[in-house]
Amino acid sequence: MTASGTHDTTLVVMSIAIAILASYTALDLAARVRASAGWMRRVWLGTAAVAMGGGIWAMHFVAMLAFSMPSMAFAYDPILTLLSLLIAIVVTGIAFAVMAPASASWGRLAAAGLFMGLGVVTMHYMGMAAMRMPGAISYDRPWFAASVLIAIVAATAALWLASRNARSLEKAAAALVMGGAIAGMHFAGMKAATFIAHHDIGGGAVGNGQTALAVGVFAATFLILFLALTAAMFDRRFALLAQREADALRASEERFRSLYRGTPLPLHSLDQEGRIEQVSDTWLALLGYPRDEVIGRPLINFLTEESARQFRTQDWPALIAQDELEPREYRVVTKAGDMLDVVSAARIERDAEGTFVHLVGGLTDVTERKRAEDALRRAQKIEAIGHLTGGVAHDFNNLLAVIVGNLDLLRRKMPDDPKLIRLADSAMEGAQRGASLTQRLLAFARKQDLRPEPLDLPQLVHGMTDMLQRSLGPLVRVETRFPLDLPPVHADAHQLELALLNLAVNARDAMPDGGKLEVSAVAEHLGERNAAGLPPGPYVRLSMVDHGEGMDAATLARATEPFFTTKGVGKGTGLGLSMVHGLAAQSGGKLMVRSQLGQGTTVDLYLPGTVRVRPARLEAERPEHARRTAPMEVLVVDDDPLVLANTAAMLEDLGHAVRLAASGEEALEQLGREPQIELVVTDQLMPRMTGSQLARRIRRGAPDMPILIVSGFAELGESEAGQFPMLSKPFDQAALARKLTEVQRPATVVPLRRVS
């Protein structure tokens, strides 16, 4: 006999509520599965399976308890009931595991949905089979198929929704749909069931125990799902806090990394093996490397071999032992192959347990500073050599003055013997060569006695063409180019000729196979901060260009150093360019040399320009005869006895009465005792009182007293230059006689100020 049943409305509502809550819980827990990793991922996966599978089973079981038939009492097989619960949880867990990967495909979704749907159907009909009653159950095939289809669609939808990151409102709506579908699947299955009661069993009624069991299952399910949601909520909150801390830490690290990389200092950090972990952008710019070619490489890869050995064998062990390294000097190699001098300091950072974290260090480029220091040392060395050279030249001039003077007197008084005359002339020529060398030394020391005047450069160069050609030889051709409106220069004619001759000889030596020497000049007006480093104003640039061997950078850097020469032993003094350099500086100009190996050399000599003046007519004299003047009472002052005796001898030979004094104080005493003295000849460089100081003391008491200052050294300052007549050492009797004539002759022109 077919029996019909009814459903308890309250229990049905409770079963649907379980389905909805289980769906929401499963969706929420699925999000935790995706957000977790490792063993926590497996824990949340199991929890989601229990929530979804257990919730579906609980909904099914409560709905079954809601069903009753007046003529039949129900009981449930506990083993089959528990087995149906286990099936629901297992199939749900497997389906969630299949869909857990972030790259789950539609094929995975279909397979997992089919598997989970069939598992839910199995769970439902196993629960139906667990019913114990006085009757039998048959199933309507269309409704059975409908329940299977609903189960598969509901399972697929649940898995798809669980794989998405939905917001709470979306999850609630999805839970309503899923809960309704799960409930629909159950009641479609119940619709497919037909209950057939046995005739020999009497009617039964549903007891209160069935309702109480349904309420208990409902309460237990809600408690479990609530606890699962609460755990997910706390985990989500903790994960959010951890994410915020991680984001803050990441942002802080990124800010630190940006600050570290963007700092204007060349910084680096190394690991415990000395490999580079981080570098600043300035570090990369200093060495010229991109970042990917630096990170992970040992720092010593960027040092020279010597610096790398020092870092590896000395500095790194000291740093590991002391955790700090005072500044050390190294040489680094840039990507372009240039070598830079750097100073580096470093410090090791350790954690609370003392474990090595990283090494922090930096580089300071001191290349330009070291170059400046080297240049300063060279300048100081040259200045010291200049002082020494000037002093030696002064003493040598005194000796030459004695030699030249005595040879001149000896030449005049010796018998007319050709052999003796030849010997005297050879000695005089040697003394004159020594005087020429002394002039070069003084030019280098910038202490030669210059007589600057307006000079016409084209006229001066053309006037010495024959001498240049004889000095250069037949293989070197001289070409000159001068503009017609070239202004004159302010320089010493004799010293400028010597400078040009020195430059020409250097050009000849640079062209052993012959060639062309170009001599040209051009007027330039230099402004502020010009390349020559000269004060602004008009200048003339005199250029000499050869196409010879040229010089490399190292030779060019030392070209103007005194005594530096690339010529063989005995073939050069190393004073040629030094003399020209000193002359240019003393004349208010500049010497600049440009050269490349194999490309020749260009020498530019800047000289101050001036205006044209009418040349004074000079009286021609025969230098071999000394002009006699009226006899005078002459006081000679010199601290060198040899020079004093030599000067006195030449004056006495000229017919003058001579008084001698070895110092300025002694000279003043004699002038006070002997008012008949008519002229004073004094050396300039003397201890305690110089010649110019003596001259000023004399002029206070005797303003008209003629005074001649003798010196081989440009010791007079700008305020003293031009105030007193000067005679340069070494000199012969004829030069002394001419100066005495000038001293006695009234001045008709204002003397030019000497340019130092």
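**Exercise 1.** In which helix is L83 found? Classify L83 by its accessibility and place it in the nonpolar surface of this predicted model.

*Solution.* Step 1: L83 belongs to helix α3, which covers residues 78-99.
Step 2: The relative accessible area of L83 is 35%. Buried would require under 20% and exposed over 50%, so L83 is partly exposed.
Step 3: L83 joins L86, V90, I94 and F115 in a nonpolar surface patch of about 410 Å². Helix α3 is the main contributor to this patch, supplying four residues.

**Exercise 2.** Determine whether V91 is buried or exposed, and identify its contacts beyond its sequence neighbours.

*Solution.* Step 1: V91 is another residue located in helix α3.
Step 2: Its relative accessibility is 8%. Because the limit for buried is under 20%, V91 counts as buried.
Step 3: With neighbours within four places in sequence set aside, V91 touches F115, M116, G119 and V120.
Step 4: The C-alpha atoms of V91 and L118 lie 8.8 Å apart, although 27 residues separate the two along the chain.

**Exercise 3.** Describe how helices α2 and α4 pack, and list the residues that meet.

*Solution.* Step 1: A packed helix pair is described by the angle between the axes and the distance between them.
Step 2: For α2 (residues 39-66) and α4 (residues 106-129), the angle is about 35° and the axes are 11 Å apart.
Step 3: The two helices cross with right-handed sense.
Step 4: From α2, the residues M52, I56, W57, H60 and M64 take part; from α4, their counterparts are M116, V120, M123, H124, G127 and M128.

Notes. Residues are numbered from 1 along each chain as its sequence is written. This is a predicted model: local features need pLDDT of at least 70, side-chain atom pairs count only at pLDDT 80 or more; totals for chains, interfaces and linings use all residues. Side-chain values use heavy atoms; hydrogens and water are left out. Patches are made of residues with over 30% relative accessible area and no salt bridge: like charges are joined within 9 Å, nonpolar side chains (Val, Leu, Ile, Met, Phe, Trp, Tyr) within 5 Å. Accessible areas come from the Shrake-Rupley method with a 1.4 Å probe; for residues, only the protein chains shown count as cover. A salt bridge is a side-chain nitrogen of Lys or Arg within 4 Å of a carboxyl oxygen of Asp or Glu. Buried means under 20% relative accessible area, exposed over 50%, partly exposed in between (1.4 Å probe, protein chains only). Contact means heavy atoms within 4.5 Å. Axes are lines fitted to C-alpha atoms, for helices over the stretch in contact, and angles run from 0 to 180 degrees between N-to-C directions. A crossing is left-handed if the near helix is turned anticlockwise from the far one by less than a right angle, and right-handed if clockwise.
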